[in-house]
Amino acid sequence: MSYIEIKTRKYIDAALAQQIIHKQTVIGLLTTGKITTPAKKMFDQAGIAWAENISEKHFMNVDESEVT
């Protein structure tokens, strides 16, 4: 089953990119940090879409009534 992976790391480097590619089920990667240039090239070659510097507030949906 294909899925989009979300990472909250400061950097996604080539070593981590290789691990993600090796799974062969990831079709996209979102991260709150940066992706190194070599990792971006690896994702592009593997056909994995990527986006970096995504604010954590886009992943958090907290209703004000839940905050005490």
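## Two residues with positive phi

In this predicted model, glutamine 24 is exposed, with a relative accessible area of 73%. Glutamine 24 is found in the loop between H1 and S3. Its phi is positive, about 60°, although the residue is not a glycine. Most residues other than glycine have a negative phi.

Asparagine 53 also has a positive phi without being a glycine, with a value near 55°. This residue belongs to the segment after S5. Asparagine 53 is partly exposed, because its relative accessible area of 44% lies between the limits of 20% and 50%.

## The sheet

Three strands form an open sheet in the order S1-S3-S5, and their pairing is parallel. The edge strands are S1 (3–7) and S5 (49–51), each of which pairs on one side only. From one strand to the next, the twist averages 15°.

Five bridges join S1 to S3, and three bridges join S3 to S5. Glycine 28 can be used to follow the sheet across its strands: isoleucine 4 stands opposite glycine 28 in S3, and glycine 28 in turn stands opposite alanine 49 in S5. Another facing pair is leucine 30 and alanine 51, the latter in S5.

## The nonpolar core

The largest nonpolar core contains twelve residues: Ile12, Leu16, Ala17, Ile20, Ile21, Val26, Leu29, Ile35, Ala39, Met42, Phe43 and Ile48. Three elements give two or more residues to this core, namely helix H1 (14–22), strand S3 (26–31) and helix H2 (37–46). The largest share, four residues, comes from H1.

Methionine 42 is one of the core residues. When its neighbours within four places in sequence are left aside, methionine 42 is in contact with Ala14, Ala17, Gln18 and Ile21.

## Salt bridges around glutamate 5

Side chains of opposite charge can pair when their charged atoms come close. A search of the whole structure finds three salt bridges. Glutamate 5 takes part in a network of salt bridges together with Lys7 and Lys23.

In the pair of glutamate 5 and lysine 7, the closest N and O atoms are 2.9 Å apart. Both glutamate 5 and lysine 7 are buried. The relative accessibility of glutamate 5 is 7%, and this residue therefore counts as buried, as the limit is under 20%.

In the pair of glutamate 5 and lysine 23, the closest N and O atoms are 3.0 Å apart. Glutamate 5 lies in strand S1 and lysine 23 in the loop between H1 and S3, so this salt bridge ties together parts that are 18 residues apart in sequence. Unlike the buried glutamate 5, lysine 23 counts as partly exposed, at 39% relative accessibility.

## The salt bridge of glutamate 52

Glutamate 52 forms a salt bridge with lysine 40, and the closest N and O atoms of the pair are 2.8 Å apart. Distant parts of the chain are linked in this way: glutamate 52 is in the segment after S5 and lysine 40 is in helix H2, twelve residues apart.

Glutamate 52 has a relative accessibility of 21%. Because buried means under 20%, glutamate 52 counts as partly exposed.

Notes
Residues numbered from 1 in each chain as written. Predicted model: local features only at pLDDT ≥ 70, side-chain atom pairs only at ≥ 80, totals over all residues. Heavy atoms only, no water. Core = buried A, V, L, I, M, F, W, Y, C linked by side-chain atoms within 4.5 Å. Buried < 20%, exposed > 50% of the residue type's maximum accessible area, 1.4 Å probe, protein only. Contact = heavy atoms within 4.5 Å. Pairing = 2+ DSSP bridges. Axes fitted to C-alpha atoms, helices over the stretch in contact; angles between N-to-C directions. Salt bridge = Lys/Arg side-chain N within 4 Å of Asp/Glu carboxyl O.
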